[in-house]
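Biologist: I would like a close look at a single part of this chain, taken slowly and with the reasoning spelled out. Please start from the aromatic side chains and work outwards from there.

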Amino acid sequence: ADNDWTNVFAAKDVDKSVAFMADDGSLLAPEAPIATGHEAISKAFAGFFALPNLKISWHADKVSVARSGELGYTSGTYQMTFTDASGKTISDHGKYVTVWKKQSGGIWMVALDIFNTDLPAPGGA
């Protein structure tokens, strides 16, 4: 599911990307309030996909499923680039954790997704 999600996300398909989220799923993006539910997450993804020349991918380094088989998580690293308003290419890389919940019918959906950069804050020491 994580690999499938990165593929539709890289294609910047808002509807298909949101479809991976559980109805009550939440996105915890840096420097933004928590987005919960498909409507809020759709707005967050649409804003993200609007970044000029956005390229993003991630790779799971860890995958684990609870003994019950109902919850699992993936964690790993991401890389992305986009063009800022001045035309400069901005590069970022960091880490993420995604909590997956098995739905009826055995489909895994995102209950919670959080990511943050490995880069220092601008002006930080």
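Which residues form one aromatic cluster?

Modeller: Please keep in mind that this is a predicted model. The cluster is formed by Trp5, Phe9, Phe20, Phe45, Phe48, Phe49, Trp58, Tyr96 and Trp100, and the count of aromatic pairs comes to 12. One of these pairs is that of Phe9 and Phe45, whose ring centres are 5.0 Å apart and whose planes stand at 90°; since planes over 60 degrees apart count as edge-to-face, the pair is therefore edge-to-face. This pair links distant parts of the chain, with Phe9 in helix H1 (residues 2-10) and Phe45 in helix H3 (residues 38-49), 36 residues apart. Both Phe9 and Phe45 are buried.

Two members of the cluster, Trp5 and Tyr96, lead on to a charged residue, as Trp5 and Tyr96 are among the residues that Asp113 touches, together with Ser26, Leu27, Leu28, Val97 and Thr98, when residues up to four places away in sequence are not counted. Asp113 has its place in strand E6, and although Asp113 is buried, it has no salt bridge, the nearest side chain of opposite charge being that of Lys95, 13 Å away. What the side chain of Asp113 does make is a polar contact with the side chain of Thr98, at 2.5 Å.

The strands around Asp113 can be followed in turn. Strand E6 (residues 108-117) pairs with strand E1 (residues 21-28) in the parallel sense over 4 bridges, and in E1 Leu28, which is also touched by Asp113, stands opposite Ile114 of E6. With strand E5 (residues 89-102), on the other hand, E6 pairs in the antiparallel sense over 9 bridges, and there Gly94 stands opposite Thr117 of E6. E5 and E6 form a hairpin with 5 residues between the strands, in which Gly105 takes a positive phi near 90°.

Positive phi values are also found in residues other than glycine, and two loops beside the elements already named supply examples. Lys12, in the loop between H1 and helix H2 (14-18), has a phi near 60°, and its relative accessibility of 33% is why Lys12 counts as partly exposed. Glu31, in the loop between E1 and strand E2 (35-36), has a positive phi of about 55°; here the relative accessible area is 88%, so Glu31 is exposed, whereas Asp113 in E6 is buried.

Terms used. Residues numbered from 1 in each chain as written. Predicted model: local features only at pLDDT ≥ 70, side-chain atom pairs only at ≥ 80, totals over all residues. Heavy atoms only, no water. Phe/Tyr/Trp six-rings, centres within 6.5 Å; stacked < 30°, edge-to-face > 60°. Buried < 20%, exposed > 50% of the residue type's maximum accessible area, 1.4 Å probe, protein only. Pairing = 2+ DSSP bridges. Lys, Arg positive; Asp, Glu negative; His and termini not counted. Salt bridge = Lys/Arg side-chain N within 4 Å of Asp/Glu carboxyl O. Polar contact = N/O pair within 3.5 Å; in protein donor to acceptor, adjacent residues only side chain to side chain. Contact = heavy atoms within 4.5 Å.
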